[in-house]
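Open the model in your viewer and set it to a cartoon representation. The stops below go from one residue pair outward to the whole chain.

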Amino acid sequence: MASKMKFDPRKLMEKAIAVMKQSINEPRTDKKASPLVGAVLVKPDGTVDTAFRGELRHGDHAEYTLLERKHRDERLDGAFLFATLEPCAPGARKHPKLACAERIVNARIAEVWVGIEDPDPRWTGRASGIWSRTA
Ligand SMILES: [Zn+2]
C-alpha cells in the first residue's frame, strides 16, 4: 500500500543537503576526496531521521547508516528516503557488501528521492533502475 505524502519533498531534500555538509572525509589510500552525502528517512509513522556519510563510522554510507545502523530492527515498509547522491548500485561495493540500493529494496522503502545521479559514468542511473521493484 502506498503511503500518502504528508510532507514537502523540497524541504526534506534541503534537510538532506544540510546534513550532508557534516559528512566526514575518511582517510583513503588513493587520496581521493570522499563524496559528501546526506540522507533523510521519513518513517511510516511520520517521524524523520537523518544520517550523513561517516556519521557513526568512517566510510559508512549515509543510507547504510540510516537503514542498517539506526533503524535495523524497525519495519520501514512505506517509508520515504531522500538522498543527496544516488545510492550505490548493485555491484558497486566489494563482495560481500550489499549496495545501498539493495538495502533500500530489502527495507521496502516506498519512494526514493535522489538529489543527483552518481557522476561516475560506470554507475550513473544504475540504482534508479531497481526502484520499480520496491512497489
Ligand atoms: Zn551506499
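Begin by selecting G38 and F52: G38 stands opposite F52, which belongs to strand 2. The coordinates are those of a predicted model.

Now extend the selection to residues 38-42, which form strand 1. Strand 1 and strand 2 run antiparallel and are joined by 5 bridges.

Next, show the whole sheet. The sheet is open, has 4 strands in the order 2-1-3-4, and its pairing is mixed. Select 48-52 for strand 2 and 111-116 for strand 4: these stand at the edges. Each has a single partner strand, so one side of each is left without a neighbour in the sheet. On average, neighbouring strands of this sheet are turned by 15° against each other, direction ignored.

Add residues 9-20, which make up helix 1. Helix 1 lies across strand 1, strand 2, strand 3 (80-85) and strand 4, and runs at about 140° to strand 1. Then add residues 62-70, helix 2, which packs on the sheet and touches strand 1, strand 2 and strand 3. The direction of helix 2 makes about 125° with that of strand 2.

Finally, zoom out to the protein chain. In what pattern do the helices and strands follow along the sequence? The pattern is α-β-β-α-β-α-β, with 3 helices and 4 strands. The C-alpha trace spans about 45 × 30 × 25 Å along its principal axes. The radius of gyration is 14 Å, which agrees with the value near 14 Å for a compact globule with 135 residues. Of the 135 residues, 34% count as buried. Among contacts between residues at least 6 apart in sequence, 63% join residues at least 24 apart.

Terms used
Residues numbered from 1 in each chain as written. Predicted model: local features only at pLDDT ≥ 70, side-chain atom pairs only at ≥ 80, totals over all residues. Helix = DSSP H or I, 4+ residues; strand = E, 2+ residues; numbered from the N terminus. Rg over C-alpha atoms; globule rule 2.2 N^0.38 Å. Buried ≥ 20, exposed ≤ 12 C-beta atoms within 10 Å, placed from the backbone. Contact = placed C-beta atoms within 7 Å. Pairing = 2+ DSSP bridges. Axes fitted to C-alpha atoms, helices over the stretch in contact; angles between N-to-C directions.
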